Amino acid sequence: MSDDNDVVIDVEDDGNNNNADDDGGEYGYLFEKKIKEVDMKDLYHEVQSKKDISKFVNKANEAVIMLNISASSAKDFTEKITNELIDKDLITKKQSKQIKSDLLTEEPISRVKNVVQQPESNSSMVGYVNVPGLLKPIFVLSTLSSPANLQHSNGQLEELVILILGPPDAEIQGTQSVLESARTFATLLTHDEVRYDLKSASNEDDVIEALEKFLDELDSDYLDKKGKKNKDDDDDDDNSHQDQNNDLKCSKRPVGGIWFDIQRRLPWYFSDFKDGFIGDGNVRKLFS
């Protein structure tokens, strides 16, 4: 699994593109046109990021899976998502209007404007929006029956879309902000195998299985790295103990330990004697 790819947060461009440096963070960059590049998530160590994915798998938060959606535009896609959420009593019609207003650009052909995505095309994206009145996040994972251009002016097509709706107050029930959750799932989608498994899913069980597999691999990789580090530390301790044991090992000859100690210190005897007469405080050192 690779976690060194870049990801892009793409919102409606107002012409003020304030990018950060192009060096990249430790795990890669997320990029937001109106704000700045921000680092990808470290899914190995960030507990809340793992919790977001685990909650989707366990459906502790509201999780909706919609596969093979037929949508030719961002407006059409958003309409079908919000209708499904209304049918499931997860949002109200008033909230549906708010979502469309905040998520889509005001253009003849609307685009999704709050997006997290890799710079290079991988036909997937994560949309995010704050929804007043929500008490907990809603995660929607969807695949399109045919690739569609949902947010690119250059015609890039998407097949796999995750939409995250969250309460404006990120402190509710200890949740992250929608942007932080979007970064988590955008980082998840930088892993080719996960992305392929999700695009290939034919039912909800396939989606859950793909995410569980990823979480298992995360834990396995983390334990392997931790085990290797512990082994290296143990090897260092063993070598240190071995050196100490060699020093204390019986030489089987009279005063052998003293002779060994003299041989070990011999290279420094002359320099130690010389330092007693050379340098600052010679008189004090001579009579001390």
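**Exercise 1. Ser142**

Task: In this predicted model, work out which strand holds Ser142, whether Ser142 counts as buried or exposed, and which residues Ser142 touches beyond four places in sequence.

Solution:
- Start with the contacts. Skipping residues up to four places away, Ser142 touches Met66, Ile69, Phe77, Ile81, Glu159, Leu160 and Val161.
- Now place the residue: Ser142 belongs to strand β7.
- Then check the accessibility. Ser142 comes out at 1% relative accessibility, and the cut-off for buried is under 20%, so Ser142 counts as buried.

**Exercise 2. Another serine**

Task: Do the exercise again for Ser49: which helix holds Ser49, is Ser49 buried or exposed, and what is Ser49 in contact with?

Solution:
- Ser49 sits in helix α1.
- The relative accessible area of Ser49 is 0%, so this residue is buried.
- Outside the four places on either side in sequence, Ser49 is in contact with Lys41, Leu43, Gln176 and Thr184.

**Exercise 3. Helix α1**

Task: Compare the expected span of helix α1 with the distance between its end C-alpha atoms, then list the buried residues of α1 and say what Lys59 does just after α1.

Solution:
- Helix α1 covers residues 47–58, which makes 12 residues.
- The expected span is 1.5 Å times one less than the number of residues, so α1 should span 16 Å.
- In the model, the end C-alpha atoms of α1 are 16 Å apart, and that agrees with the expectation.
- The buried residues of α1 are Ser49, Lys50, Asp52, Ile53, Lys55, Phe56 and Val57.
- Just past α1, Lys59 has a positive phi of about 55 degrees.

**Exercise 4. Nonpolar cores**

Task: Which residues touch the most other members of the largest nonpolar core, and which element gives the largest share of this core?

Solution:
- A bit of background: nonpolar side chains tend to be buried together in soluble globular proteins.
- The largest nonpolar core has 31 residues, and Phe56, Val126, Ile164, Phe185, Leu198 and Val207 touch the most other members.
- Next, trace the elements. Those giving two or more residues to this core are α1, β4 (62–69), β6 (124–130), β7 (138–148), β8 (158–166), α4 (178–188), α5 (192–200) and α6 (204–248).
- The largest share is that of α6, with 7 residues.
- There is also a second, separate core of 28 residues, with Leu85, Ile91, Leu103 and Val112 among them.
- Zoom in on Phe185: apart from neighbours within four places in sequence, Phe185 is in contact with Asp52, Ile53, Phe56, Val126, Phe139, Ile162 and Ile164.

**Exercise 5. Aromatic rings**

Task: How many aromatic pairs are there, and how are the rings of Phe56 and Phe139 and those of Phe56 and Phe185 arranged?

Solution:
- Two quantities describe a pair of aromatic rings: the distance of the centres and the angle of the planes.
- The count comes to 3 aromatic pairs.
- Take Phe56 and Phe139 first. Their ring centres are 6.5 Å apart and their planes stand at 85 degrees, so this pair is edge-to-face.
- Phe56 is in helix α1 and Phe139 in strand β7, so the pair ties together parts 83 residues apart in sequence.
- Both Phe56 and Phe139 are buried.
- For Phe56 and Phe185, the centres are 6.3 Å apart with the planes at 65 degrees; planes over 60 degrees apart count as edge-to-face, so this pair is edge-to-face.
- Phe185 lies in helix α4 and Phe56 in helix α1, so the pair links parts that are 129 residues apart in sequence.
- Phe185 is buried, and so is Phe56.
- Put it together: Phe56, Phe139 and Phe185 make up one aromatic cluster.

**Exercise 6. A loop lysine**

Task: Where does Lys88 lie, what is its relative accessible area, and what separates the C-alpha atoms of Lys88 and Val64?

Solution:
- Lys88 falls in the loop between α2 (74–87) and α3 (93–103).
- With a relative accessible area of 43%, Lys88 is partly exposed.
- Lys88 and Val64 are 24 residues apart along the chain, and their C-alpha atoms are separated by 9.3 Å.

**Exercise 7. Confidence and totals**

Task: What is the average pLDDT of the protein, where does pLDDT stay under 50, and how many helices and strands are there?

Solution:
- The average pLDDT is 76, and 62% of the residues score at least 70.
- Over residues 9–24, pLDDT stays under 50, and the model has 46 contacts beyond four places in sequence for them.
- Residues 30–36 also have pLDDT below 50, with 37 contacts beyond near neighbours in sequence.
- The secondary structure comes to 8 helices and 8 strands.
- Of the 288 residues, 39% count as buried.

Note on methods: Residues are numbered from 1 along each chain as its sequence is written. This is a predicted model: local features need pLDDT of at least 70, side-chain atom pairs count only at pLDDT 80 or more; totals for chains, interfaces and linings use all residues. Side-chain values use heavy atoms; hydrogens and water are left out. Helices (H or I, at least four residues) and strands (E, at least two) are DSSP runs, numbered from the N terminus. Buried means under 20% relative accessible area, exposed over 50%, partly exposed in between (1.4 Å probe, protein chains only). A nonpolar core is a set of buried Ala, Val, Leu, Ile, Met, Phe, Trp, Tyr and Cys residues joined through side-chain atoms within 4.5 Å. Contact means heavy atoms within 4.5 Å. pLDDT is the predictor's confidence in each residue, from 0 to 100. Rings of Phe, Tyr and Trp (its six-membered ring) pair if their centres lie within 6.5 Å; planes under 30 degrees apart count as stacked, over 60 as edge-to-face and the rest as tilted.
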